[in-house]
Structure formats: structure tokens, C-alpha cells
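Trainee: Please take a close look at a single part of this model, and then follow the chain outward from that part so that I can see how its surroundings are put together.

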Amino acid sequence: MTDSALLSRQAVMASPLGLLTLTEEEGFLTELSWDWGNDRPADPPPAGSPLLDRARAQLEAYFAGRRDGFDLPLAPRGTGFQRKVWERMRRIPYGATWSYAELARDVGSVARAVGQACGANPIPIIIPCHRVLAENGGLGGFSGAGGTESKSFLLELEGALPLRLL
């Protein structure tokens, strides 16, 4: 077992989108994934840390419509470009949407590369890749369990219209 594995903690929570697994490493949230048990051991990890408890509470409030943002220390793993896209996505306001092309212009890239960065987002919902849509207002893709159905749920929860902001 590596040192980083010793410092990693996970917690599982129920959500309207199914079970979510939160991973913390060295005091930072590094991953949010769906469906505990599909590709993991049968027994969930022991819950456990103030950060994971805070993340669960914030997600529960978000799903209940009582929270429109997250205040958590994040450390998503990815390339420099991916982290730039993810940081910019965090600034898309609750209830708003941007197109892949708009986000690409904002980060100095192309829509396809932004779409790939969205698909690689290790902390969906908290890093709101669901707020990024196709140029024509279509949903595009979504890497979370349930695909675009989950994306639609999150946009509806936020009261977002699938229209791009100018």
C-alpha cells in the first residue's frame, strides 16, 4: 500500500441519482463517482472525515434545493488543460448554462477539447460539467451514471434552461 493510499478516505451517500462515492486525499476532495459496488468491493468503505461529512452535507442540501454552490477544497487529478477547464466550469453560476464553444473561447481552446475535459471531470456535480451544453442548446453528453438523464435532472433541479448565455 502506498503512502497516498493510506491518506485516502471514502464515504458513500444516497442521492436522487443513486449512490455517490466521495474520495478525499490529504484534505482535498479528489473524486465523486456513482454506483458503489458496480466495480468496487461489496462492502462500502468506512465513513470518515470532517471533509467527507461536510461534502455529504453540502450535497444533501444541494439536492434538497437549499444550496446553490459548494465550498470544499478540491484537488481533481488531470492535465493542466483539464484543470483549467474544470476551474472555469466552477465559475458558471447555479442555474446558468454555457455552451462547449463558449467555454472553449473562454479557455482559449476548441469545443471538442473542452468536451473531452468535461467527460474526464472526476468531481461532477461539484465541478458542474452538467452546466455545459451543445451550441444549439442540446444536452451534449454526460459522463455520470444515467448519462443525459442525470444531466437533465441536475439542470431541472437548478432551474436552468438549456439555452446558452451570451
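**A loop glycine and its surroundings**

Mentor: Once its neighbours within four places in sequence are set aside, Gly95 is in contact with Arg131, Glu158, Gly159 and Ala160. The model is a predicted one, and what follows should be read as a description of that prediction. Gly95 belongs to the loop that joins α3 to β4, the strand of residues 98-99, and with a relative accessible area of 25% this glycine counts as partly exposed, because that class covers the range between under 20% for buried and over 50% for exposed. One of its contacts, Gly159, is separated from Gly95 by 64 residues in sequence, yet the two C-alpha atoms are 5.4 Å apart in space.

Going back along the chain from this loop, we come to helix α3 itself, residues 80-89, which packs against helix α5, residues 111-119, at an angle of about 80 degrees and with 9 Å between the axes. An angle from 65 to 115 degrees is classed as roughly perpendicular, and α3 and α5 therefore stand roughly perpendicular to each other. On the α3 side the contact is formed by Phe81, Gln82, Val85, Trp86 and Met89, and on the α5 side by Ala113, Val114, Ala117 and Cys118. Of the residues in this contact, 8 are nonpolar and 1 is polar, with no charged residue among them.

Beyond α5, the loop that leads to β5 (132-133) holds Cys129, which an unreviewed UniProt entry lists under "active site". With a relative accessible area of 3%, Cys129 falls under the 20% limit and is therefore buried.

Before α3 there is another loop to consider, the one that runs from α2 to α3 and contains Asp71. Asp71 has a relative accessibility of 54%, which is over 50%, so this residue counts as exposed. Leaving out residues up to four places away in sequence, Asp71 touches Arg54 and Gln58; the first of these, Arg54, is 17 residues away in sequence, with a C-alpha to C-alpha distance of 9.1 Å.

Helix α2, residues 50-63, leads in turn to the sheet, since this helix lies across β1, β2 and β3 and runs at about 20 degrees to β1. The sheet is an open one of 3 strands, ordered β1-β2-β3 and paired in the antiparallel sense. Its edges are formed by β1 (8-15) and β3 (28-34), each of which has a single partner strand, so one side of each has no neighbour in the sheet. From one strand to the next, the twist averages 20 degrees.

Within that sheet, β1 and β2 form a hairpin, with 2 residues between the strands, and the antiparallel pairing of β1 with β2 (residues 18-25) extends over 8 bridges. Two positions help to fix the register of this pairing by eye: Ser8 stands opposite Glu25 of β2, while Ala11 has Leu22 of β2 as its bridge partner.

Definitions and conventions
Residues numbered from 1 in each chain as written. Predicted model: local features only at pLDDT ≥ 70, side-chain atom pairs only at ≥ 80, totals over all residues. Heavy atoms only, no water. Axes fitted to C-alpha atoms, helices over the stretch in contact; angles between N-to-C directions. Helix = DSSP H or I, 4+ residues; strand = E, 2+ residues; numbered from the N terminus. Parallel < 35°, antiparallel > 145°, perpendicular 65-115°, else oblique. Contact = heavy atoms within 4.5 Å. Nonpolar A, V, L, I, M, F, W, Y, C, P; charged D, E, K, R; others polar. Pairing = 2+ DSSP bridges. UniProt positions renumbered as here; feature names shortened; annotations may be inferred. Buried < 20%, exposed > 50% of the residue type's maximum accessible area, 1.4 Å probe, protein only.
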